[in-house]
Amino acid sequence: MKIKYKHEIGALHIGGGRFFYAGETYDLPEDEAKELTEEYDDLEIVEEKKVGRGGGKNADAGEGKAAE
């Protein structure tokens with residue numbers, strides 16, 4: 001599970017030499033990610049987007065394809 005520091009600039013130091021910097025995501029075990037986001041309001045869980053170009057009504061027509 002990935003978490004990040006919510007703000008656009010700065011960093012959050014939670015002790016023990018752990019820092020969370022703006023603009024970076026951190027991959028943590030699910031239980032630790034949930035614990036940290038509950039304890040620190042400045043951290044949030046990042047929803048991972050599925051990669052792919054599948055069809056569907058929200059798919060981008062892309063270059064060279066006619067949009068309907």
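What share of the contacts in the protein chain with a separation of 6 or more is accounted for by residues 24 or more positions apart? The share is 45%. The tour below moves through this predicted model element by element.

**Whole chain**

Begin with the complete chain in a cartoon representation. The protein chain has one helix and five strands, and along the sequence these follow the pattern β-β-β-β-α-β. Switch to a surface representation next: about 5700 Å² is exposed by the protein chain, and carbon and sulfur atoms supply 46% of that area. Of the 68 residues in the chain, 18% are buried.

**The three-stranded sheet**

Select E1 (residues 2–5), E4 (residues 25–27) and E5 (residues 43–46). These three strands form an open sheet in the order E4-E1-E5, with antiparallel pairing. E4 and E5 stand at the edges with a single partner strand each, so one side of each has no neighbour in the sheet. From one strand to the next, the twist averages 35°.

Keep E1 and E5 in view. Their antiparallel pairing extends over four bridges. Within this pairing, display the side chains of Lys4 and Glu44: Lys4 stands opposite Glu44 in E5.

Now centre the view on Glu44, a residue of strand E5. Is Glu44 buried, exposed or partly exposed? Its relative accessible area is 29%, so Glu44 is partly exposed. Apart from neighbours within four places in sequence, Glu44 is in contact with Lys2, Ile3, Lys4, Lys6 and Thr37. For one of these, Lys2, a distance can be drawn in the viewer: the C-alpha atoms of Glu44 and Lys2 are separated by 8.6 Å, although the two residues are 42 residues apart along the chain.

**The helix**

Add H1, residues 30–39, to the selection. H1 lies across E1 and E5 and runs at about 140° to E5.

Colour Ala33, Leu36 and Thr37, which are the buried residues in H1. Why do these buried residues line one face of the helix? Viewed down the axis of H1, they fall within an arc of 95°, and therefore they line one face. Rotate to the face of H1 turned away from this buried side, where the exposed residues Asp31, Glu35 and Glu38 are carried.

Return to the buried side and show what covers it. The cover over the buried residues of H1 includes strands E1, E2, E3 and E5. One of these buried residues, Thr37, has already appeared on this tour as a contact of Glu44.

**The hairpin of E2 and E3**

Select E2 (residues 11–15) and E3 (residues 18–21). The two strands pair in the antiparallel sense over four bridges. In their hairpin, two residues lie between the strands, and Gly16 takes a positive phi near 65°. Further along the pairing, His13 stands opposite Phe19 in E3.

Move to Ala11, which is found in strand E2. Its relative accessibility is 35%, so Ala11 counts as partly exposed. Which residues does Ala11 touch, not counting those up to four places away in sequence? They are Tyr5, Phe20 and Tyr21. From Ala11 to Tyr21 the C-alpha to C-alpha distance is 4.3 Å, with the two residues 10 residues apart in sequence.

**Aromatic pairs**

Finish with the aromatic side chains, for which the structure holds two aromatic pairs. Show Phe19 and Tyr21 first: this pair is stacked, with 5.8 Å centre to centre and 15° between the planes. Both members of the pair have some accessibility: Phe19 counts as partly exposed at 38% relative accessibility, and Tyr21 counts as partly exposed at 39%.

Then show Phe20 and Tyr26. The ring centres of Phe20 and Tyr26 are 5.1 Å apart and the planes stand at 85°, so this pair is edge-to-face. Both Phe20 and Tyr26 are buried, the cut-off for which is under 20% relative accessible area. With Phe20 still selected, Ala11 may be displayed again, as Phe20 is among the residues that Ala11 touches.

How values were computed
Residues numbered from 1 in each chain as written. Predicted model: local features only at pLDDT ≥ 70, side-chain atom pairs only at ≥ 80, totals over all residues. Heavy atoms only, no water. Buried < 20%, exposed > 50% of the residue type's maximum accessible area, 1.4 Å probe, protein only. Arc of directions from axis to C-beta. Contact = heavy atoms within 4.5 Å. Pairing = 2+ DSSP bridges. Axes fitted to C-alpha atoms, helices over the stretch in contact; angles between N-to-C directions. Areas by Shrake-Rupley, 256 points an atom, 1.4 Å probe, with all protein chains shown as cover. Phe/Tyr/Trp six-rings, centres within 6.5 Å; stacked < 30°, edge-to-face > 60°.
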